Amino acid sequence: MHLMNRSTDPNTAEMVSKASSNTHWQQRDLRHIWHPCTQMQDHETIPLLPIKKGQGVWLEDFEGKRYLDAVSSWWVNIFGHANPHIAQAIAEQAQQLEHVIFAGCSHEPVITLTERLVQLAPPGLERVFFADNGSAAVEVALKLSYHYWYNQGQPKRHRYLTISNGYHGETLGALAVGDLGIYRDIYSPLLLNPLVVPAPDCTGLPAEQWEAASRAAFLHMEQALAENHQDICAVILEPLLQCAGGMRMYHPVYLKLLREACDRYGVLLIADEIASGFGRTGTLFACEQADITPDIMCLSKGITGGFLPLAAVLLKENLYQAFYEDYNKGRSFLHSHSYTGNPIACAAALATLDLFEATPVLDHNQIKGQRMEDQVQALRQHPHVGDIRRLGMVMAVELMADPQKDTPYPWQERRGLKAYQHAIKRGALLRPLGNVLYCMPPYVIDNDEIDFMTQVLMESVEVATGVAL
Ligand SMILES: Cc1ncc(COP(=O)(O)O)c(C=O)c1O
């Protein structure tokens, strides 16, 4: 057989050159793919970003242009793209055992991972139920907390209580206990009807006022519990940081008061640490800052360093015991997902925990987080910046039409999109939440990269508002 020389075959050469253009991949993608959380018509004017490879905090397109991933690819990446330690662990596990049914079978990575998670988690969370993405973990937590009371002979406890502006995912149960109209409203006829109290939102307040504001907001929660506790199976909330709700933050005292009130009223507490977990808020888990143990804690996203989908729902022993019975009593939790406890995902999670152990990541992040904040201080003088806030490795800048009068920009003006487009031109992937621009980079970001990212953020504020500093 005659093999043509690749470089002299005109067809091959044309294919190679096409494949190295972004347009080629954009066209092929848009022919069939429906992207998540996207109005696809936008891509008639806003180019899709085809990514060929990643390394550290950088993503690279097919034409060799690099973009700093300031959003950790939907808040999942913590130790950088293509991290060699995690990549190797995945490769090795794939050759040993890629997957096995997790009902009736088990395997080494999941057992070791469970032991390590239980050691790291707030004390008392000693049982782990696995799922394969954040929303699925929330579904597990919701079903389990209702079922727990059912098994205790209290099936009337079927309502959930939550705080406004929360987000817990897109499946129907998770969507129901969230409070973001943009995702939820259209489906409301299909959804459970939780009780919602005003969130302890500290937006616009100086740090020294956060505690008092969070305490004051707790009065709503206390009242809702006092009036409805006999119907409520669980309170669910994002501890300290409401990510999808615009990176809103509050003081740990709210969690302390909530833990105490849940105990007093006999209601379960579900902490959704899917986004806040694994160091984002400065501690490994946000609940640590309030020194509390929730009854149920949902983990996902950063658990595998951002490589693979995996979720873990950590529970107190008494919940587990409420299901532990003779099969014929019908008290079992018959919930499953095909990829539950996937061995390769567990190997990625173990490698991620190794990286936390290998260096004082959280200590380094304190310095990095402070640097992010220091770099954007000039924005405090900007007439359309309503707030700059930070918790750990998350920093948000909120744009407003008139901060003095608390007037937001109309959402139809899509100011955040202008910021996004400017940042892309400059080589950074900032993906604002409405009018909230934020930086939530992988922890491997270095000082020069922080300075570049924050510089682009400041320029993006100017472009989005049309007002220079
Ligand atoms: C706090 C929180 N809970 C749940 C979810 C849902 O996770 P997933 O997107 O993996 O379903 C998210 C996703 O952003 C989240 O931020």
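# A three-stranded sheet, its helix and a ligand shell

Let's start with a pair of strands: β14 and strand β16, which covers residues 436-439, run antiparallel to each other and are joined over four bridges. Before I go on, please keep in mind that this is a predicted model.

Who sits across from whom in that pair? Take two residues of the pairing as examples. M395 has C439 in β16 as its bridge partner, and V397 stands opposite L437 in β16.

Now turn to the other neighbour. Strand β13, residues 385-391, also pairs with β14 in the antiparallel sense, this time over six bridges. Here you can look for D387, whose bridge partner in β14 is E398. β13 and β14 make a hairpin, with two residues between the strands. If you click on the turn, you will find G392, which has a positive phi of about 55°.

Put those pairings together and you get an open sheet of three strands, in the order β13-β14-β16, with antiparallel pairing. Which strands stand at the edges? They are β13 and β16; each has a single partner strand, so one side of each is left without a neighbour in the sheet. On average, neighbouring strands of this sheet are turned by 15° against each other, if we ignore direction.

Let's stay with β14 for a moment. How many of the six residues of β14, residues 394-399, are buried? Six of the six are, so the strand is largely enclosed by the rest of the structure. The side chains alternate nicely for anyone following along on screen: V394, A396 and E398 point one way, while M395, V397 and L399 point the other way, and all are buried.

What lies across this sheet? That would be helix α13, which lies across β13, β14 and β16 and runs at about 170° to β13.

Helix α13, residues 361-375, also meets another helix, α15, residues 447-465. Their axes come within 9 Å and cross at roughly 35°, and the crossing is right-handed. From α13, the residues K368, R371, M372 and Q375 take part, and they meet N447, I450, D451 and T454 of α15. By class, the residues of this contact are two nonpolar, three polar and three charged.

Next, a single residue elsewhere in the chain: V235, found in strand β7, residues 232-237. Is V235 buried or exposed? The cut-off for buried is 20 or more other C-beta atoms within 10 Å. V235 has 30 C-beta neighbours inside that distance, so it counts as buried. Leaving out residues up to four places away in sequence, V235 touches L161, T162, L258, C262, V267, L269 and I270. There is also P194, 41 residues apart from V235 along the chain, with 9.6 Å separating their C-alpha atoms.

Last stop, the ligand. There are 14 residues around it, and G134, S135, G169, I274 and A275 come nearest. Which helix gives the most to this shell? It is α6, residues 134-151, with three residues. Sorted by class, the shell has six nonpolar, six polar and two charged residues.

That's my tour. Thanks for listening!

Key:
Residues are numbered from 1 along each chain as its sequence is written. This is a predicted model: local features need pLDDT of at least 70, side-chain atom pairs count only at pLDDT 80 or more; totals for chains, interfaces and linings use all residues. A residue is buried if 20 or more other C-beta atoms lie within 10 Å of its own, exposed if 12 or fewer, and partly exposed in between; C-beta atoms are placed from the backbone. Two residues are in contact if their C-beta atoms, placed from the backbone, lie within 7 Å. A residue is near a molecule or strand if its C-beta atom, placed from the backbone, lies within 6 Å of it. Ala, Val, Leu, Ile, Met, Phe, Trp, Tyr, Cys and Pro count as nonpolar, Asp, Glu, Lys and Arg as charged, and the others, Gly among them, as polar. Two strands pair if DSSP finds at least two bridges between them. Axes are lines fitted to C-alpha atoms, for helices over the stretch in contact, and angles run from 0 to 180 degrees between N-to-C directions. A crossing is left-handed if the near helix is turned anticlockwise from the far one by less than a right angle, and right-handed if clockwise.
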